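Let's take a slow walk through a protein model together, one piece at a time. Keep the picture open while you read, and look for each part as we come to it.

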Amino acid sequence: MKIAIGGKGGSGKTTIAGTLARVLAARGLPVVALDDDSNPNLALTVGVPAGRAAGLPALPRDLLEERQDAQGQTSLELKIPTDDFIDRYGVPAADNLTLLVMGQPSHGGSG
Amino acid sequence: MRGVLHGLVAETSRIAIVDLEAGLEHLSRGTARHVDTLLVIGEPYFKSLETAHRSFTLARELGIKQTRMVANKVRTPRDEDTVREFANRHALDLVTVVPYDTAVTEADERGAALFEHRPDAPSVAAIRHLADQLVEAAP
């Protein structure tokens with residue numbers, strides 16, 4: 001199950017995203033919550049204190065490799081298994097729930 | 001780099017819940033390719049519902065498999081009628097109506113997770129219902 005949640009700022013999308021993640025995780029399902037907002041506030045709604053929700057560190061280059069598809073387009077891909085990556089770079093939020101912040105954390109208003 | 005991270009959504013064995021950039025105009029093919037459901041949050045007033053409607057159109061153009069609407073901050077039966085009537089008229093799949101709930105603002109003010117602050121709050125009950133619907137519809 002791969003769910004994206006969108007809406008205008010102030011619509012409550014972050015509260016719904018974070019609480020949905022907690023509800024599913026509380027049922028024993030393994031969940032990763034990804035904050036793709038450039039003003040990330042998901043940490044709070046999943047129960048991670050602001051100080052622990054630093055954005056992803058710059059990824060070491062040796063974790064990535066460039067691959068070329070049949071059309072000659074190159075893309076960067078992870079060299080380690082995805083779930084290992086999440087374990088290593090994610091923040092444990094609650095039982096069965098890991099948080100990954102893609103943007104830089106800030107302390108502005110919520111979405 | 002974002003491409004790598006979006007790929008995570010597709011490849012993880014876990015359930016993935018992505019909180020997108022505010023404003024669906026940022027919705028990209030990259031995100032679209034990797035999710036099976038987009039939830040659009042709409043509030044019960046015309047401008048918000050119109051924006052949600054446009055997001056459905058955009059999501060279809062981007063090839064997102066399924067788009068569903070969640071109404072939020074619904075205060076009155078009249079609000080709920082407004083939302084249901086709009087969703088019906090435009091054939092928007094309205095999955096859950098989340099009531100306006102002071103527990104949300106309380107949790108915000110305390111810097112707490114709503115789920116921990118008031119697990120029995122009406123808004124949390126609605127989100128549990130949302131989870132039921134999503135699990136039921138999951139491929």
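How many bridges join strand β3 (residues 64-68) of chain A to β4(A)? There are five, and the two strands run antiparallel. Keep in mind as you look that this is a predicted model. To find one rung of this ladder, go to Leu64(A), whose bridge partner in β4(A) is Leu78(A). The two strands form a hairpin with five residues between them, and in that hairpin Gly72(A) takes a positive phi near 85°.

Now zoom out to the whole of chain A. You should be able to count three helices and six strands. Starting at the N terminus, the elements come in the order β-α-β-α-β-β-α-β-β. The chain has 111 residues, and 44% of them are buried. There's also something to notice about who touches whom: if you take the contacts in chain A between residues at least 6 apart in sequence, 66% of them join residues at least 24 apart.

Next, pick out β2(A), which covers residues 31-35. This strand is mostly covered, with five of its five residues buried. Here's a handy bit of background: in a regular strand the side chains alternate between the two faces of the sheet. In β2(A), Val31(A), Ala33(A) and Asp35(A) sit on one side, while Val32(A) and Leu34(A) sit on the other, and all of them are buried.

So what does β2(A) pair with? One partner is strand β6 (residues 97-101) of chain A, which pairs with β2(A) in the parallel sense over five bridges. Within that pairing, Leu34(A) has Leu100(A) as its bridge partner. Another partner belongs to chain B: β2(A) runs parallel to strand β1 (residues 15-19) of chain B, and five bridges join them. If you want a spot to look at, Ala33(A) stands opposite Ile17(B) there.

A further strand pairing links the two chains. β1(A) pairs with strand β2 (residues 37-42) of chain B, in the parallel sense and over four bridges. Look for Ile5(A) here, since its bridge partner is Leu39(B).

Time to look at the whole contact between the chains. It takes 50 residues from chain A and 53 residues from chain B. On the chain A side, β1, α1, β2, α2, β4 and α3 each supply at least two residues. The largest share, twelve residues, comes from α1(A). Sort the chain A side by kind and you get 25 nonpolar, 16 polar and nine charged residues.

Let's finish with α1(A) itself. Two packed helices are described by the angle between their axes and the distance between the axes. Helix α1 (residues 13-26) of chain A packs against helix α7 (residues 122-137) of chain B at an angle of about 65°, with the axes 9 Å apart. Angles of 65 to 115 degrees count as roughly perpendicular, and α1(A) and α7(B) are therefore described that way. The crossing is right-handed. On the α1(A) side, the contact is made by Ile16(A), Thr19(A), Leu20(A), Val23(A) and Leu24(A), and they meet Val124(B), Ile127(B), Arg128(B), Leu130(B) and Ala131(B) of α7(B). Together, the residues of this helix contact divide into eight nonpolar, one polar and one charged.

Key:
Residues are numbered from 1 along each chain as its sequence is written. Chains are lettered from A and ligands numbered from 1 in the order in which they are written. This is a predicted model: local features need pLDDT of at least 70, side-chain atom pairs count only at pLDDT 80 or more; totals for chains, interfaces and linings use all residues. Axes are lines fitted to C-alpha atoms, for helices over the stretch in contact, and angles run from 0 to 180 degrees between N-to-C directions. Angles under 35 degrees count as roughly parallel, over 145 as roughly antiparallel, 65 to 115 as roughly perpendicular and the rest as oblique. A crossing is left-handed if the near helix is turned anticlockwise from the far one by less than a right angle, and right-handed if clockwise. Two residues are in contact if their C-beta atoms, placed from the backbone, lie within 7 Å. Ala, Val, Leu, Ile, Met, Phe, Trp, Tyr, Cys and Pro count as nonpolar, Asp, Glu, Lys and Arg as charged, and the others, Gly among them, as polar. Two strands pair if DSSP finds at least two bridges between them. A residue is buried if 20 or more other C-beta atoms lie within 10 Å of its own, exposed if 12 or fewer, and partly exposed in between; C-beta atoms are placed from the backbone.
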